Each structure stands twice: as C-alpha cells, then as structure tokens.
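I sat down with this one today and kept short notes as I went. Here is what I looked up, in the order I wrote it down.

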Amino acid sequence: MANIIIFVHMMLQILSLNIILIICSYRSFKMENPKKIEILNKAVEVNSNLSSSELYEISIDKSEGKTTNDGALVVLTGKHTGRSVNDKFIVKDGENDEKIDWGKINAPISISNFNKIYESFLNYAQNKILYNHDLLGGADRNHSIGVSIITEYAWHGLFARHLLIKPKENELKNFRGDYTIINFPGLKLDPKIHGTRSETVIAVNLKEKIILIAGTEYAGETKKSVFTLLNFLLPEKNIMPMHCSVNVGKNGDSAVFFGLSGTGKTTLSADPNRSLLGDDEHGWSDEGLFNFEGGCYAKLIRLSKTAEPEIYATTKMKTSVIENAILKDNGELDLDDGTITENTRGAYPLEFIPNVTIEERVNHPKNIIMLTADAFGVMPPIAKLSPDQAMYHFLSGYTAKVAGTEMGLSKDPTATFSTCFGAPFMPRRPIEYGNLLKEKISEHKADCWIVNTGWSGGPYGVGHRISLSDTRKLVSLALDGNLKDIEMRKDPNFGFEVPMHIEGINQNLLNPKESWKDREAYDQQANKLVKMFIDNFKQFEMYVEASVTDSGPTIQ
C-alpha cells in the first residue's frame with residue numbers, strides 16, 4: 001500500500017512539473033507581441049535576422065540603392081530627409097498618461113485612431129515580403145530591452161542592424177521581444193481617417209509596446225523610436241538617458257558630449273587620442289555609462305578627410321549606408337554637394353571606427369561637455385559651469401538648428417531651445433531628467449563645460465564658424481584637466497567662467513566681444529540672446545531651486 005502511495009505521489013509530482021513547463025512555455029510564447037505575429041502572418045514571406053551582408057545584397061538586387069566604388073550603399077529617402085517632428089504621437093492609454101509631458105512634441109492620439117492606423121498596417125502587410133530583426137537597445141544587459149523591428153525595405157533592416165546592438169548567439173536563441181517597431185515607408189495615411197497631421201506617422205503605443213512608422217523613408221525614425229522608449233523606461237530605474245556621445249581616455253576617464261545635430265557631437269567624440277563608446281545615445285546608471293546603440297549615424301555634409309579621418313574612412317567601407325549624398329557617375333561620393341539636403345548621413349557599425357570601446361559599460365564621467373552652435377556669435381568657445389549652471393543649460397538646450405535636420409527648416413540656422421538637448425525624444429517632464437543629471441553630477445563630481453562650435457566675430461552670415469582645430473584643442477585641454485588652474489573671467493552676460501588666456505588660441509576668440517568690429521552691435525545681440533534664455537526658462541522656474549534660476553544669464 002505504501003509503495004502505491006509513493007508511486008501515486010511521484011506521478012502527481014511529474015504531472016505537476018509538466019503542467020508548469022507547459023504554462024511556462026505558453027507564457028514564453030505569449031511574450032511575443034500579438035500585433036507583431038499578426039503583421040508577420042499577413043506577409044507572403046518573412047526573412048528573420050538576416051546578416052548585414054545578406055541585407056546588403058538584397059538591397060542591391062532590389063535596386064533600393066546604388067553602390068560606390070568602395071561598396072558603400074547609397075540610398076535616397078525621398079521628400080523626408082530628416083525627422084518628421086510634427087508627425088509623432090503617443091497613445092493616451094489611461095495607464096501612462098500622467099508620466100508623459102504632453103504638448104506639441106509629445107502629441108496625444110486616441111486608442112481608436114491608433115487602432116485605425118494599425119488596421120491600415122495589417123492591410124498593407126498583405127502579401128508583402130517583410131524583414132524581421134531581433135535587436136537590443138542598450139549595451140548593458142542589466143538595462144537593455146529587446147526590440148523586434150519589422151521593415152518593408154531590406155536597407156532599413158541593414159540600417160537597424162548597424163545602429164542597434166546585435167544579440168549574441170545565445171541571446172538570439174532566447175530572444176525576448178519587449179517592444180516591436182514596424183516601419184512601412186510605402187504606406188500613406190489619410191489624416192481625416194487616421195487622426196494624423198499628414199500621410200506620415202510615428203505612433204507610439206507604450207501600453208501595447210509597439211511603434212508604427214509610415215509614410216517616411218528616413219531611417220533615423222527607427223533609431224529615435226528606440227531612444228524614445230529608453231527615455232521613458234530608464235528614469236524609473238534611476239538611470240539618466242542622454243542624447244550624447246561618450247569617449248574614454250587612456251586612463252579610463254570618460255567624457256559625455258551633449259548636443260543636438262550639427263553641434264559636433266559625433267565629430268568631437270571621434271578623437272584619435274581617446275576611445276569612442278558611442279556617438280549619440282547613452283545611459284548613466286549607478287554602475288557607469290553604457291551605449292544604447294551598436295553603431296553611429298554621422299552627418300557627412302562637407303566631411304573632411306583631414307579633420308575627420310575616422311568618420312571619412314567609414315564612407316569607403318562595404319555595407320556602410322549613405323543617405324541622400326550625391327553619387328557621381330564615376331562611382332565617387334560628392335560630400336560637398338548639399339543639393340538634396342544638408343542632412344546627408346552615414347550609418348555604420350561601431351567596429352568600423354578603429355579606436356572604439358566595445359564594452360557593456362565604462363566608468364562614470366569625469367567631464368561633461370554641453371555643445372551649442374551659437375548663431376548669434378555671442379557665446380565664448382568654452383566656459384566652465386557650476387552644477388547649477390549645468391542644470392540650467394541642460395534644461396535650456398540652446399543651439400542653432402541646421403537646415404535639413406528636420407523637415408521645414410529654412411536654409412539659415414534657426415536659434416532654438418531643445419530641452420535636455422533632445423526634446424523630441426523625451427516623453428517625460430524635463431525636470432525628471434534635469435534632477436537626475438544634477439544628482440549624478442553631484443554624486444560623481446564631474447566637471448561641466450559649455451562649448452560653442454558656432455560663430456564668432458558676428459552672427460551667422462557676418463562672422464565665421466569657429467574652427468574645428470580650435471574647438472578640438474579647447475576640448476582636449478578641458479578633458480586632460482589643463483583648464484582647472486587657468487585664470488578665468490566671469491562672463492558679464494552668462495555668469496559662467498571663461499579662460500582669460502590659452503596658448504595657441506586667439507585672444508579675441510576667447511572674448512567674443514573683442515572679435516566684433518561693432519561692439520555696440522555685440523551688446524545688442526548679447527541682450528537679445530540673454531532675453532531668449534530668460535523667457536524660455538520661465539517654464540522651469542517653479543520646478544527648480546532658486547539657485548538654478550539665479551545661475552542663468554542676466555541682461556546688462
């Protein structure tokens with residue numbers, strides 16, 4: 001009798017174990033986004049996780065682009081040669097609404113309109129050949145997310161593989177798709193039916209963990225969608241998401257470069273004397289800095305082989321993706337020709353850069369550089385910031401937008417304030433990111449600098465652009481600690497500290513007013529810019545300490 005009881009007990013244990021395994025297997029299957037499965041089931045053919053070489057060959061076979069003599073793939077993105085900032089929406093889902101900083105940038109869209117958009121995606125996927133790519137956002141595996149990207153074009157898949165992180169073999173075998181991004185450039189929407197602003201849309205559904213992109217061939221929308229997801233998710237883990245580049249010195253000293261497109265983020269971080277971690281998007285956790293991406297997306301217009309040899313070399317490499325550059329009849333690129341757009345871009349994996357750090361994480365930064373391209377010709381080429389000033393300028397995010405970076409900009413640079421140096425990708429309220437940054441600067445005692453890569457001797461059209469060689473020298477001095485004990489003056493307009501004398505740097509460059517022929521005109525321009533800063537910062541005054549507001553510029 002006892003043996004029968006033991007046998008029955010063993011069989012029940014085995015049965016229970018099998019049930020648990022079945023449930024776990026079911027749960028694992030259910031982790032796949034049902035909308036992802038539904039879209040893929042509509043396709044006549046799905047190519048999953050093809051290699052970069054395979055996607056490259058398919059792109060050529062399908063005439064999605066042309067190749068240079070060196071094998072780089074040159075593609076055109078149609079009328080969308082930059083991000084469509086007015087076509088991005090976030091679904092009001094009832095769960096995340098209070099966490100979103102709603103407004104013109106984070107525009108709401110209803111669930112019903114999102115569902116209409118999704119139905120159009122389903123219909124469009126019918127009998128299409130699609131490409132599925134299982135990739136990671138975030139190199140630090142403690143904080144990364146799995147992203148399945150479904151593309152209509154093979155070259156969009158190649159772009160995604162270059163820009164995101166390719167899972168290792170064991171990670172791909174057990175891949176968990178936390179989020180899904182579907183990119184159908186050929187699908188054109190009807191604003192009257194779908195509740196969009198145009199035929200283009202980037203619709204973010206945080207609750208259903210899916211992003212729908214339609215009506216634009218500009219591949220940057222895919223990578224920025226991953227950035228948006230991480231910007232939403234990571235602050236809840238006390239991780240600061242940053243629109244920045246990062247490089248590392250020989251002694252393991254890392255540096256962060258904040259800045260919008262065109263300010264020199266990619267160029268200045270690609271330093272032959274320092275190792276590049278990444279050129280655009282990073283996280284700052286309690287353990288250190290980590291890259292969100294596995295590649296770079298560099299501006300190529302008027303790229304100099306002499307001044308930027310590392311980036312220039314990537315345009316000669318097979319499988320590099322070159323967007324909207326002029327390809328001459330002889331198979332050579334003309335990177336000086338901005339006929340199509342000033343926003344010509346190159347996408348390539350990090351390993352294409354010779355001096356690169358392929359690590360999950362590096363040390364906390366010793367220096368933080370905030371880059372701006374001042375079109376007014378008022379700001380000095382470098383200045384030291386206090387922690388309060390760093391938070392002020394981080395929340396302000398001043399620069400001059402260069403034509404081509406976004407749809408609808410004029411040919412002349414436009415002065416703008418982009419909160420956190422990346423407002424279009426920040427779903428949460430700016431103060432959340434600002435407080436996180438200030439806390440981490442204070443905890444890790446990072447030195448902060450603001451660097452002007454814009455104009456001197458007058459505003460845009462009158463003055464001249466500060467030379468890259470001067471900027472490189474100033475940044476190198478700051479990173480090496482050689483500006484800590486130098487004599488400084490307090491800038492009368494901005495209140496930050498500016499070096500008085502630096503060997504090899506023109507004195508008039510360090511003191512912008514001295515470089516203007518008309519000093520009175522300089523004062524007028526300075527007051528004009530200062531007023532813009534003050535007016536812009538009023539939106540933050542109720543959220544920050546008085547010391548932060550008081551650290552900002554003042555009208556003379």
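I began with charge and found 61 positive and 70 negative side chains in the chain, with the centres of the two sets 2 Å apart. I counted Lys and Arg as positive and Asp and Glu as negative, leaving out His and the chain ends, and placed each charge at NZ of Lys, CZ of Arg, CG of Asp or CD of Glu.

A note on provenance: this is a predicted model, where local features need pLDDT of at least 70 and side-chain atom pairs count only at pLDDT 80 or more, while totals for chains, interfaces and linings use all residues. Residues are numbered from 1 along each chain as its sequence is written, and side-chain values use heavy atoms, without hydrogens and water.

Next I looked at burial, and 57% of the 556 residues are buried (under 20% relative accessible area, 1.4 Å probe, protein chains only).

Then I turned to strand 25, residues 447-452 (strands are DSSP runs of E, at least two residues, numbered from the N terminus). Six of its six residues are buried, so strand 25 is largely enclosed by the rest of the structure. D447, W449 and V451 point one way, and C448, I450 and N452 point the other way.

Which strands pair with strand 25? Strand 21 (residues 365-372) does so in the parallel sense over six bridges, and I369 stands opposite W449. Strand 22 (residues 382-385) pairs with strand 25 in the antiparallel sense over four bridges, with A383 opposite I450. For pairing, I required at least two DSSP bridges between two strands.

Terms used
Buried means under 20% relative accessible area, exposed over 50%, partly exposed in between (1.4 Å probe, protein chains only).
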